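Subject: Structure handover

Hi,

Here is the structure I promised to pass on to you. Please open it next to this email and follow along as you read.

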Amino acid sequence: MIELQNVSVSYGDAIALYPTTLKLHQGQFTVLLGSSGAGKSTLLRCINSLHASQRGATIVAGLGNLANSRALRMHRRQTGMVFQQHQLIGRLTALQNVSMGRMGYHTALRSLFPLPAKDQSICLQSLDRVGLLHKALSRVDALSGGQQQRIGIARALAQQPKLVLADEPVASLDPATAERVLSLLHRICKEDGISAVVSLHQVDLAQRYADRIIGLSHGRVIFDAAPQTLDQASYDTLYEQVPRSSLSVPQDAREERLIDTSFPM
Ligand SMILES: Nc1ncnc2c1ncn2[C@@H]1O[C@H](COP(=O)(O)OP(=O)(O)OP(=O)(O)O)[C@@H](O)[C@H]1O
């Protein structure tokens, strides 16, 4: 379990996240919702203590307060991150990119040499989990957006994480591919008992996959409950009365999903 106690973030006089207290439970798939600038990325990054201006305490079960540098190092090692723009190195192969996930387990000097066989095996297994073992030796810049995001997920898995933080992981994908990638991430997290905190803009995806939805508005948590309790009033407050239909996946993409949920992407 991870507990944020009065965690806040400011940029000069501007408050990006007001003091926030919440607990994240092991194995839960939590989705952060809210309009642009609401504070989703800020909250997500707080869970990994990534803000220089972060205040308050973050306590991780078994490690303690992340103010302790050793606890923070251990926590980051067991926390996989997945980004909207994948953050892969295009000229390297899929396997080389996934290998980056093992770097936290070695000293900087050791990382200059080929990974031990055990680590290589973990990387290959991670590629297999996302259905891309056959692309292990392909350059990442020769892969599709959906495939690149699956490599991003494999890199996070190579860390053998207890927690995955995913910042708009499907925002740059078409609706059908977004659904497949999120479904894959969700399935793996559930199979392995990995906790996930995922920021999304697609309310319908959040309602289908989340165990818990945390809604943010202007740097404050204004909703924190199971997805089925996200009612119209909470929704209107979250999105400041943007019509719900404008945020849903188009009907034709939904139909495509029903027909074809298989790879490749
Ligand atoms: N480096 C920064 N310097 C100054 N202000 C920042 C910085 N990063 C974020 N902010 C501000 O903090 C607030 C929260 O931003 P954040 O990126 O967390 O929102 P978000 O909900 O993730 O938005 P989006 O959905 O557009 O990614 C916004 O008002 C943003 O302008």
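Below is what I found, going from the overall layout to the sheets, the core and the ligand site.

**Overall**

Please keep in mind that this is a predicted model. The protein has 265 residues, and 39% of them count as buried. Its secondary structure comes to nine helices and ten strands. If you look at contacts between residues at least 6 apart in sequence, 68% of them join residues at least 24 apart.

**The six-stranded sheet**

One open sheet has six strands in the order β6-β7-β8-β3-β9-β10, and its pairing is mixed. β6 (79-83) and β10 (220-225) are at the edges; each has a single partner strand, so one side of each lacks a neighbour in the sheet. From one strand to the next, the twist averages 15°. Helix α5 packs on this sheet and touches β6 and β7 (163-167), with its direction at about 170° to that of β6.

Strand β3 (residues 29-33) is a good place to start inside this sheet. Four bridges join β3 to strand β9 (residues 212-217), and the two run parallel. Four bridges also join β3 to β8, again in parallel. Leu32 shows both pairings: it stands opposite Ile214 in β9 and opposite Ser199 in β8.

Is β3 mostly covered or mostly open? Mostly covered, as five of its five residues are buried. In a regular strand, side chains alternate between the two faces of the sheet. In β3, Phe29, Val31 and Leu33 are on one side, Thr30 and Leu32 are on the other, and all of these are buried.

**Ser195 and its surroundings**

Strand β8 (residues 195-199) includes Ser195. Why does Ser195 count as buried? The cut-off is 20 or more other C-beta atoms within 10 Å, and Ser195 counts as buried because it has 22 C-beta neighbours inside 10 Å. Leaving aside residues up to four places away in sequence, Ser195 touches Leu24, Gln26, Gly27, Gln28, Lys162 and Leu163. For Lys162, the separation from Ser195 is 33 residues in sequence, while the C-alpha to C-alpha distance is 6.2 Å.

**The nonpolar core**

Nonpolar side chains tend to be buried together in soluble globular proteins. Here the largest nonpolar core has 63 residues, and those with the most contacts inside it are Val31, Ala154, Val164, Ala196 and Ala206. Helix α5 (residues 145-158) gives the largest share of this core, six residues.

Ala196 is a handy one to click on. Not counting residues up to four places away in sequence, Ala196 touches Phe29, Thr30, Val164, Ala166, Leu185 and Cys189. Of these, Phe29 and Thr30 are on opposite sides of β3.

**The four-stranded sheet**

A second group to look at is an open sheet of four strands in the order β2-β1-β4-β5, with antiparallel pairing. Its edge strands are β2 and β5 (64-65), and each of them pairs on one side only.

Strand β1 (residues 2-11) pairs with β2 in the antiparallel sense over seven bridges. Two of the facing pairs are Ser10 with Ile15 and Val9 with Leu17. The two strands form a hairpin with two residues between them, and Gly12 in the turn has a positive phi of about 60°.

β1 also pairs with strand β4 (residues 55-60) in the antiparallel sense, over five bridges. In that pairing, Leu4 has Thr58 as its bridge partner in β4.

**The ligand site**

Which residues are around the ligand? They are Tyr11, Ala14, Ala16, Gly34, Ser36, Gly37, Ala38, Gly39, Lys40, Ser41 and Thr42. The elements that give two or more residues to this shell are β2 (14-24) and α1 (40-46). The largest share, three residues, comes from α1. By class, the shell has four nonpolar, six polar and one charged residues.

That covers the ligand shell, the core and both sheets described above. Happy browsing, and do write back with any questions.

Best wishes

Terms used. Residues are numbered from 1 along each chain as its sequence is written. This is a predicted model: local features need pLDDT of at least 70, side-chain atom pairs count only at pLDDT 80 or more; totals for chains, interfaces and linings use all residues. A residue is near a molecule or strand if its C-beta atom, placed from the backbone, lies within 6 Å of it. Ala, Val, Leu, Ile, Met, Phe, Trp, Tyr, Cys and Pro count as nonpolar, Asp, Glu, Lys and Arg as charged, and the others, Gly among them, as polar. A nonpolar core is a set of buried Ala, Val, Leu, Ile, Met, Phe, Trp, Tyr and Cys residues joined through C-beta atoms within 7 Å. A residue is buried if 20 or more other C-beta atoms lie within 10 Å of its own, exposed if 12 or fewer, and partly exposed in between; C-beta atoms are placed from the backbone. Two residues are in contact if their C-beta atoms, placed from the backbone, lie within 7 Å. Two strands pair if DSSP finds at least two bridges between them. Axes are lines fitted to C-alpha atoms, for helices over the stretch in contact, and angles run from 0 to 180 degrees between N-to-C directions.
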